[in-house]
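The following exercises ask the reader to derive structural statements from a set of coordinates. Each task is followed by a solution in steps.

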Amino acid sequence: MRALGVTIDPGLLELALTHRSFAYEHGGIPHNERLEFLGDSILGQAVTVKLFRDNPDLDEGALAKRRAAVVSTIALAEVARSISLGEHLRLGRGEELTGGRDKDSILADTVEAIIGAVYLDAGGDVATELVLRLVAPLMSNPERFGAAMDPKTALQEYAARESRGPVSYAVEGSGPDHLRTYRAVVSLAGDEIASGEGTSKKQAEVSAALAAWMLLTADA
């Protein structure tokens, strides 16, 4: 994958991209969860050290919140989308049919697996460089990804703080049952602010809430 900016052994890369659903359907071949376990540790260490060095005035509580935001599932899924990782996943039929290529959890786990693969193939320094390059946009705006961990609550708090009125959602579904998608529109005091889509009503509402929060706080 050119977007990674590093060369990975083809076998390790294939393993990193192999979801357990694919492995199960192909006779129980190895999948990426061990690499994910390794990559999670490397990711956490790289981000922790970077935050510690770059923010000498923050206490441990504030540093922990920023780290949690940067390594959250939603933040890592955005990293994955930025490099079109979903196109390369090896998924079982069930995950394919339910939108697995764009599921936050699968994308985030695969990012960690790739970090683990790079560590094994090229060593800790290269893996750390990859982590910091991938998360650089997240590090520049950790508040956004803090909100991304619970965007509906963040939007509710914003509306209350700014006296913008009650938050409400309108959700509509479309498509056949096995490929159902949903679109949510979020409004403040009856004024439509933003919309979002997802494979469940909850996911659509979360997506809409995050879009609204980003829009409303863009100039803050």
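The exercises below concern a predicted model and treat its sheet, its helices and several loop residues in turn.

**Exercise 1. Determine the strand order of the sheet and identify its edge strands.**

Solution.
Step 1. Begin with the pairing of strand 1 and strand 2: the two run antiparallel and are joined by 8 bridges. One of the pairs in this ladder is Val 167 with Leu 188 of strand 2.
Step 2. Continue with strand 2 (residues 181–188) and strand 3, which are antiparallel over 7 bridges. Among the partners, Leu 188 is matched with Asp 191, Val 186 with Ala 194, and Tyr 182 with Gly 198.
Step 3. Combine the two pairings: the 3 strands make an open antiparallel sheet in the order 1-2-3. Strand 1 (167–174) and strand 3 (191–198) are the edge strands, since each pairs on one side only. From one strand to the next, the twist averages 20°.

**Exercise 2. Which helices pack on the sheet, and which strands does each touch?**

Solution.
Step 1. Helix 10 (residues 151–161) packs on the sheet through strand 1 and strand 2, and its direction makes about 145° with that of strand 1.
Step 2. Helix 11 (residues 201–217) also packs on the sheet, where it touches strand 1, strand 2 and strand 3. The direction of helix 11 makes about 135° with that of strand 3.
Step 3. Examine the accessibility of strand 2: of its 8 residues, 6 are buried, and the strand is mostly covered.

**Exercise 3. Locate the positive phi values in the two hairpins and in the loop before strand 1.**

Solution.
Step 1. Recall the background: most residues other than glycine have a negative phi.
Step 2. The hairpin of strand 1 and strand 2 has 6 residues between the strands, and Gly 175 in this hairpin takes a positive phi near 90°.
Step 3. The hairpin of strand 2 and strand 3 has 2 residues between the strands. Here Ala 189 has a phi near 55°, a positive value although the residue is not glycine. With a relative accessibility of 46%, Ala 189 is partly exposed.
Step 4. Ser 163, in the loop between helix 10 and strand 1, is not a glycine either, yet its phi is positive at about 55°. The relative accessible area of Ser 163 is 65%, above the 50% limit, so the residue is classed as exposed.

**Exercise 4. Establish on which side of helix 4 (residues 60–70) its buried residues lie.**

Solution.
Step 1. List the buried residues of helix 4: Leu 63, Ala 69 and Val 70.
Step 2. Consider their directions around the axis. They cover an arc of only 125°, and therefore lie on the same side of helix 4.
Step 3. Inspect the face turned away from this buried side: it carries the exposed residues Glu 60 and Lys 65.
Step 4. Examine the start of helix 4, where a side-chain oxygen of Asp 59 comes to within 3.1 Å of the backbone nitrogen of Gly 61.

**Exercise 5. Is Asn 55 buried or exposed, and which residues does it touch?**

Solution.
Step 1. Place the residue: Asn 55 belongs to the loop between helix 3 and helix 4.
Step 2. Apply the threshold. The relative accessible area of Asn 55 is 18%, under the 20% limit, so Asn 55 counts as buried.
Step 3. Leaving aside residues up to four places away in sequence, Asn 55 touches Leu 63 and Arg 66. With Arg 66 there is a polar contact between the two side chains, at 3.5 Å.

**Exercise 6. Describe the packing of helix 3 (residues 33–54) against helix 8 (residues 124–139).**

Solution.
Step 1. The geometry is an angle of about 65° with the axes 10 Å apart, and the crossing is right-handed.
Step 2. On the side of helix 3, the contact involves Ile 42, Leu 43, Ala 46, Val 47, Lys 50 and Leu 51. Helix 8 contributes Ala 127, Thr 128, Val 131, Leu 132, Val 135 and Met 139.

**Exercise 7. What separation do the C-alpha atoms of Asn 141 and Ala 69 have?**

Solution.
Step 1. Asn 141 lies in the loop between helix 8 and helix 9 (142–149) and is partly exposed at 35% relative accessibility.
Step 2. Although Asn 141 and Ala 69 are 72 residues apart along the chain, their C-alpha atoms are separated by 9.6 Å.

Definitions and conventions. Residues are numbered from 1 along each chain as its sequence is written. This is a predicted model: local features need pLDDT of at least 70, side-chain atom pairs count only at pLDDT 80 or more; totals for chains, interfaces and linings use all residues. Side-chain values use heavy atoms; hydrogens and water are left out. Two strands pair if DSSP finds at least two bridges between them. Helices (H or I, at least four residues) and strands (E, at least two) are DSSP runs, numbered from the N terminus. Axes are lines fitted to C-alpha atoms, for helices over the stretch in contact, and angles run from 0 to 180 degrees between N-to-C directions. Contact means heavy atoms within 4.5 Å. Buried means under 20% relative accessible area, exposed over 50%, partly exposed in between (1.4 Å probe, protein chains only). The arc is that of the directions from the helix axis to the C-beta atoms. A polar contact is a pair of N or O atoms within 3.5 Å; within protein, one must be able to donate a hydrogen and the other to accept it, and residues adjacent in sequence count only if both atoms are side-chain atoms. A crossing is left-handed if the near helix is turned anticlockwise from the far one by less than a right angle, and right-handed if clockwise.
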